[in-house]
Each structure stands twice: as C-alpha cells, then as structure tokens.
Amino acid sequence: EVLCSDKTGTLTTAEFEAYPDKIWVNPALADRLTCDDVLTYAAVACGPSGEDVIDKSIFKAVTERFGKLTEEEVDGITRELVEAMHTKEGRTPTTDEIEQEIKLRRVRKAKESSAGLYEVKNEEDVMAFSPSLKRFVVKATKNPEGEEIIFAKGIVNKMVANGGEPGAVELNTWTVVSADKLGDQVGEVDKALALESFKTIGVAFAKKGSKGEWVWQFAGIIPMKDPPRHDTPEVIRELKDELGVSVKMVTGDHLNIARTTAFDIGMKNSIDEVDIYPTSELQQMYTEATTTRGSTKFNFTEEGERKVHNADGFAQVLPKDKAAVIAAFKSPKTYEPMIVGMTGDGVNDAVALKNSHVGIAVHDATPAAKQAADMILTREGLSPILAAVRESRCIYARLRSYVLYRIGATIQIVL
C-alpha cells in the first residue's frame with residue numbers, strides 16, 4: 001500500500017554529471033583559486049575505487065577538463081598502438097581498441113595534470129564518507145614541493161563547520177575561516193542551485209599556518225545533476241492509480257533537490273504542492289524508546305502521523321529516520337496499519353529493509369542490504385517493482401479463488 005523509495009538510482013538514473021563551468025568559488029579566495037583548482041581538490045578527496053557515483057562524476061569532469069588531446073597527440077597515440085600491435089601480435093588494432101587507448105591516455109593526462117600531483121602516503125590519512133559524517137577527508141602531499149594539504153568534499157554545510165558526529169576526529173573536524181559570514185553566503189548559493197535541480201558538493205582544504213596549525217578554507221561548490229529516469233513518472237502513476245500503492249521519496253539529498261525531483265517525476269502538478277519534510281522536522285514528529293527486547297520503538301504524535309501519511313517524501317534523512325517512517329505506516333495509532341515496502345542499497349539501509357513488510361534491495365545493493373531484503377531487483381528503476389506488485393496480486397487472487405472453491409466444495413460434500 002506504501003512504497004518508500006530512495007531517490008538516487010531508483011527514481012533517478014544515478015548518472016551524475018558535474019558542471020565545472022558552474023562551480024562557485026569562494027570570493028575571498030578568487031584571486032588565488034580557480035574552478036579548476038576546486039575540481040582538482042574534489043578529485044583528490046575521492047575514494048580510490050572510484051565506484052561511488054559522485055566520485056565517478058568528478059573523475060569524468062576532471063578527464064574532460066584536463067585530459068583534452070590535440071589532433072597531433074591522437075595521431076601519435078594511434079601510430080604507437082598500430083606499431084605495438086604489429087610487433088607483438090602481427091595485426092592492426094580495431095577501432096574500439098584505438099578508442100579505448102585514447103580514452104586511457106586522456107585519463108592519464110588528466111590525472112597527471114590534477115589529482116596526480118598529490119600523493120596520499122598513509123592509510124590513516126584517509127577518513128571515508130559515512131552517513132553521519134557526510135564528508136570525505138584526505139591528507140596528501142603535493143609533489144614535488146612536499147607541502148602537506150588536507151582536502152575534503154561533502155555536504156555543503158559540513159564543509160563550513162562540523163564536529164561532534166560519530167566518527168569525528170581531529171583530521172575531519174574543523175571550522176573554516178570567516179565561517180559565520182561565509183555560512184549565510186554559502187547557504188544562499190546552495191539554495192539557489194538546489195532550486196535549479198542541482199545537487200551540490202562542497203569542497204574545503206587546509207594548509208598549515210605560521211604556527212603549525214591547520215587553517216581551513218572553504219574552496220567552493222560543485223553543482224551536479226542526476227536526471228529522473230524516463231519511465232519513473234508513468235510507473236508512479238500506474239502504482240497509485242491502478243494498484244493503489246502510494247510512493248514516498250526517502251532521500252539524503254537537500255530538501256530543495258528532493259522537492260524539484262518530486263515535481264519532475266510527477267508526484268504533484270505544481271512544485272508548490274510538493275510536501276517534503278527534512279530530517280530536522282521529521283525528528284520532531286516522534287520520540288524514541290527502547291523496548292524490553294532492546295529494539296527501538298518510534299512513538300509519533302498524532303500530528304506527526306498525519307504529516308507522514310500525507311507527505312510526498314522526506315529529505316536529508318539518516319538511517320534511523322527511515323526506520324521511523326516505516327513505523328509510522330506499519331503500526332500507527334490514528335490510522336489503519338498499512339503494508340509497507342522499502343527500497344535500499346547500502347549497509348545502513350539493512351535495518352529499514354528488515355523492518356518493512358517487503359524489503360527491496362536495488363540491483364547494485366551491497367551484500368548486507370541483499371541479505372536483509374525480501375526481494376532483490378536485477379534491473380534499475382521502479383518498473384521491476386511495478387511488475388512484481390502486479391504478479392503477486394495475480395498469484396494472491398488465484399490462491400484466494402482456489403481456497404474459496406475448496407471451502408465451498410467441502411461444505412457441499414458435508415451437506
């Protein structure tokens with residue numbers, strides 16, 4: 001009856017695209033920092049695997065920005081490959097092999113001109129992103145100067161000031177120079193970009209001051225877009241109108257991004273009608289209590305239950321918020337209990353997937369999410385869920401008809 005769906009990769013394509021030309025640079029550093037510098041700093045503060053969708057978009061932008069090849073370079077690469085293939089294998093390389101080699105050379109050139117200038121020497125100098133920290137921090141050494149610099153990227157407000165979260169240590173805790181003044185300015189820029197459907201990534205860095213202390217600066221904001229899947233609006237309409245399943249968006253993204261995405265996928269006819277609650281408001285709707293079995297129980301106020309049931313979704317949520325939303329539908333005080341489905345892909349979604357009636361692990365979910373789920377999708381988007389709901393209801397109808405037939409037949413025999 002209710003499907004709580006994450007946004008990225010399910011309602012949207014998860015094919016983020018960074019916009020280097022729209023990068024906002026801190027005006028206080030404009031005389032010594034460029035858009036290319038901000039992009040480079042973000043690339044240094046990426047995971048080594050490069051599998052994260054945000055990291056992929058940054059690496060792609062870096063390649064396009066720094067990896068451009070001249071016609072002479074392309075011709076030279078082609079000649080080298082042709083000669084090498086003739087020498088080693090006695091054949092001419094295919095067009096695909098030539099294109100792949102050119103692509104690799106572009107990536108190599110881009111890396112050498114940007115993030116490759118910095119070297120991470122120790123494993124403990126990397127502090128990975130987590131749902132509570134919402135930032136990735138790395139200390140690197142610039143070659144050949146040998147200067148140590150700390151780079152960070154993450155949620156914009158966490159780049160201005162942070163600390164106190166689980167996992168926060170000295171390396172990933174800071175307040176940037178002029179934080180009070182800069183905070184409002186950055187917030188306005190972030191809001192304006194979000195209203196244009198841009199997801200934003202903040203970038204900060206730190207260098208050592210005259211007394212050996214780390215001095216943090218806010219570098220800038222990188223805008224990105226994650227377009228909705230082409231079939232999402234129609235699938236949501238069919239789920240609601242034909243099958244009576246209401247879809248609620250549950251995302252960790254900014255409130256304004258969630259609102260514009262909800263409008264783009266047809267949840268409402270006007271963006272002013274979209275009803276999305278941020279985690280700051282959602283957490284005021286309920287209290288937590290620990291049961292005798294050690295599990296967490298969420299107690300919603302009557303007004304809180306009303307808001308959750310009427311909402312189109314929730315933004316900037318934490319893992320516990322997902323569990324709370326499920327509880328509001330699964331065991332409400334003022335409404336009829338509803339059958340709840342929940343999609344998820346990460347380790348932190350495991351609890352919510354297990355607590356829902358139907359936990360759905362998306363196609364690229366982690367093993368932990370798949371273990372906790374009741375259903376695992378093999379394709380992207382909501383369309384497999386639509387097909388699953390239809391098929392399951394057909395199965396239920398057939399089983400019900402058979403049971404009624406057997407009961408009727410048994411009564412007839414008895415009589």
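In the predicted model, Ser197 counts as partly exposed, with a relative accessibility of 26%. This residue lies in the loop between α7 (179-194) and β8 (199-208). Its phi is near 70°, a positive value in a residue other than glycine. Lys134 is a further non-glycine residue with positive phi, here near 55°. Lys134 is found in the loop between β5 (126-127) and β6. Unlike Ser197, which at 26% is partly exposed, Lys134 is buried, its relative accessible area being 15%; this value places Lys134 in the buried class because that class covers residues under 20%.

The loop between β5 and β6 also holds Ser130. Ser130 counts as buried at 18% relative accessibility. A polar atom of the Ser130 side chain lies 3.1 Å from the backbone nitrogen of Leu133. Within this loop, then, Ser130 takes part in a side-chain to backbone contact with Leu133, and Lys134 carries the positive phi value.

Backbone geometry is also notable at Pro144. The peptide bond from Asn143 to Pro144 is cis, and its omega is near 5°. Pro144 lies in the loop that runs between β6 (135-142) and β7 (147-154).

At the level of the whole chain, 15 helices and 17 strands are assigned. The C-alpha atoms fill a box of roughly 95 × 65 × 45 Å along the principal axes. Of the 415 residues in the chain, 45% are buried.

Aromatic contacts were searched for throughout the structure, and eight aromatic pairs were found. One of these is formed by Trp24 and Phe218, whose ring centres are 6.3 Å apart and whose planes make an angle of 55°, a tilted arrangement. This pair links distant parts of the chain, since Trp24 belongs to strand β3 (residues 24-25) and Phe218 to strand β9 (residues 214-225), 194 residues apart. Both partners fall in the buried class: Trp24 has a relative accessible area of 17%, and Phe218 has one of 0%. Tyr286 and Phe298 form an edge-to-face pair, at 5.4 Å centre to centre and with 85° between the planes. Tyr286 lies in strand β12 (residues 286-290) and Phe298 in strand β13 (residues 296-300), so this pair ties together parts that are twelve residues apart in sequence. Tyr286 and Phe298 are both buried. The assignment of the two pairs to separate classes follows from their interplanar angles, because planes over 60 degrees apart count as edge-to-face, those under 30 as stacked and the rest as tilted. In addition, ring pairs link Tyr41, Tyr118, Phe151 and Phe205 into a cluster.

Aromatic rings also have charged groups placed over them. The charged end of Arg135 sits over the ring of Trp174, at 5.8 Å from the ring centre. In the case of Lys225, the charged end sits over the ring of Phe198, 4.6 Å from its centre.

A search of the whole structure for cavities of 30 Å³ or more returned one. The volume of the largest cavity is about 30 Å³. Its lining consists of Phe16, Glu17, Ala18, Ser57, Lys60, Ala61 and Glu64. Two elements, β2 (17-18) and α3 (53-66), each contribute at least two residues to this lining. Helix α3 supplies the largest share, four residues. By class, the lining comprises three nonpolar, one polar and three charged residues.

A further position examined was Ser246, which is found in strand β10 (residues 246-250). Ser246 counts as partly exposed at 26% relative accessibility; the value lies between the limits of 20% and 50%, and therefore Ser246 is assigned to neither the buried nor the exposed class. The C-alpha atom of Ser246 is separated by 8.0 Å from that of Ile236, a residue ten positions away along the chain.

Technical notes:
Residues numbered from 1 in each chain as written. Predicted model: local features only at pLDDT ≥ 70, side-chain atom pairs only at ≥ 80, totals over all residues. Heavy atoms only, no water. 1 Å grid on protein atoms, 1.4 Å probe; cavity = no way out; pocket = protein on both sides within 12 Å on 5 of 7 lines; lining within 4 Å. Points joined across faces, edges and corners; volume = space filled by probe spheres on them. Nonpolar A, V, L, I, M, F, W, Y, C, P; charged D, E, K, R; others polar. Buried < 20%, exposed > 50% of the residue type's maximum accessible area, 1.4 Å probe, protein only. Phe/Tyr/Trp six-rings, centres within 6.5 Å; stacked < 30°, edge-to-face > 60°. Lys NZ or Arg CZ within 6 Å of the ring centre and 35° of its normal. Polar contact = N/O pair within 3.5 Å; in protein donor to acceptor, adjacent residues only side chain to side chain.
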